[in-house]
Amino acid sequence: MSLRRIMTAAIAMLAALALAGAAALIILTTYLHRTTASMGSSVEGVRLAEALQVDLLSLYRLSDSLLRIPSDSPRSFAAIESNLRVHLTEARANAWSPQELALIDEAERTIANYLSARERVANLSTEQAARELVPPLEAALAALDQLVTFNVNEARTVQLQADRWDQIANIGGICVAALLVLGGGVLLWWLRRFVFRPLLDMSRAMRRFGAGRKRTRAPVAGPVELRDMARTFNDMANSLARQQEEQLTFLAGVAHDLRNPLSALKMSAALVTSGRPIPEERMQKTMALVRRQVARLDRMVGDLLDATRIEAGRFELSLEERDARELATAVVELYQAGGSSHDLRLQLPEEPVLLCCDATRVEQVLHNLVSNALKYSQGGSSVDVIVGYESEEAVLSVVDRGIGISSEELRMLFTPFRRTGPAREKAPGVGLGLSVARRIVEAHGGRIEVESRPGVGSTFRVRLPRARSAAQPAVASSPAETVH
Ligand code: ADP
């Protein structure tokens, strides 16, 4: 599982919970506001209905014993009547429901009845006036009572609803809080178990590795990102261990390869300084041996130095225009003069094959290829060094009929310190020459190709760009003459 996905899901879950909580809070406050408003309206309704009752009763009180309007108080009477109208208008404006409006209509109608009855009874006897006035007054007071009861009931209903919502809000709040605490707890537990622990294990493994325990590897556990990190660290640790192993093998190889020429030199020096007379022929042989061993040591040290310079990125070429035929001839002649037991042959074209190259380095490449061809083939077998060209490329080939190289080993041939199995038994070497040769050829803008079959032989082909002045239009291959 990926850390990014888990964190996104956890954050989304917590955000959804927080959003749900916030939405519930908004709904609740809106509802509470409506409840308070409706409670306020019910209370106001009760107040107005009671004010109307008070107005009616005040009107009744202002009447004389004959229930007529006293001549000295027409002003208060008119004020009460106007109060009645104002209170009725206010009650209508305050009403929320159609039932309440119907009750107000009824109250208004009964009040109007009562007021018109008052005007009608002006000329009637007291008993008749009382008979006419009391029933509409009672009807108006009863209608106002109904209005009061309705508003009181409304207020009670609203209060009950508010209580229910209060309970719901409490339960909802507790649930959201519990879910948040649970979600946070699960997230923390998961982070501890699947993120922090693997992270701590990995940092412990890194510290151990840094402290020198090279076999330590980080456990591959936890989310994808951490597993990737652990794998990368392990790959790096494996590669470092491999490099260390290769360096040790290399040092062992170098020490081993230095030992052979050194012991040959030691023996030769002991012979020369023994003080005994040495026959001329023996002396010549010893000197030739010393020369060969010194040349071998020189080549080994040269290869080591070149490999170090290449690795450090300090490899420079001093370019000049040279004929590839001259370079190949110089190398072949050197080996022929050294008394090689092989049949070393040189094939050259008639016309020059000009290269813009570092002559010493190209000779070094040819030296390496020729010496390998001699090393890894039977004495007496033939080795061909062929110079030719194809289009804009010079082609220098070294062909032997030796032990050959298997196709699996061909892939690793130019890797530093790689030596094939049969070669290790057949001849000493550190496995640096070919990798250095390839770097030199590539630095000239060329490449090395190999064709080989085990038990049949190998062909190494160096392709280098020809100098511009010499490059000729496409010629398939060059004529060659053979020099023994
Ligand atoms: P060295 O010869 O010192 O071991 P090189 O880099 O020159 O190092 O060669 C690397 C390896 O390639 C050799 O050890 C050998 O196994 C193989 N090799 C090179 N040239 C030949 C060849 N002509 N025939 C067979 N094997 C070869």
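**The ligand and two helices**

In this predicted model, a polar side-chain atom of N372 sits 2.8 Å from an oxygen atom of the ligand. N368 also takes part, with an N or O atom of its side chain 3.4 Å from an oxygen atom of the ligand. G433 contributes through its backbone instead: one of its N or O atoms there lies 3.1 Å from a ligand oxygen atom. On its own, the ligand has 530 Å² of accessible area, and the protein covers 98% of this.

The shell can next be followed element by element. Two or more residues come from each of α8 (359–375), α11 (433–443) and β7 (457–465), and α8 gives the largest share, with 4 residues. Of the 22 residues around the ligand, those that come nearest are N372, Y376, R419, T420 and L434. By character, the shell divides into 10 nonpolar, 8 polar and 4 charged residues.

Two helices elsewhere in the chain are also worth a look. Helix α3, residues 98–120, reaches 33 Å from its first C-alpha to its last over 23 residues, close to the 33 Å expected at 1.5 Å a residue. Its buried residues include L103, I104, A107, I111 and L115, and also E100 and R118.

Helix α4 runs over residues 126–210, and its 85 residues should span 126 Å at 1.5 Å a residue; the end C-alpha atoms are 120 Å apart, which agrees. Along the way, α4 has a kink of about 35 degrees, centred on R192. Just after this helix, G212 adopts a positive phi of about 110 degrees.

Notes. Residues numbered from 1 in each chain as written. Predicted model: local features only at pLDDT ≥ 70, side-chain atom pairs only at ≥ 80, totals over all residues. Heavy atoms only, no water. Expected span 1.5 Å × (residues − 1). Buried < 20%, exposed > 50% of the residue type's maximum accessible area, 1.4 Å probe, protein only. Bend = angle between axes of the 7 residues up to and from the residue. Near = heavy atom within 4 Å. Polar contact = N/O pair within 3.5 Å; in protein donor to acceptor, adjacent residues only side chain to side chain. Areas by Shrake-Rupley, 256 points an atom, 1.4 Å probe, with all protein chains shown as cover. Nonpolar A, V, L, I, M, F, W, Y, C, P; charged D, E, K, R; others polar.
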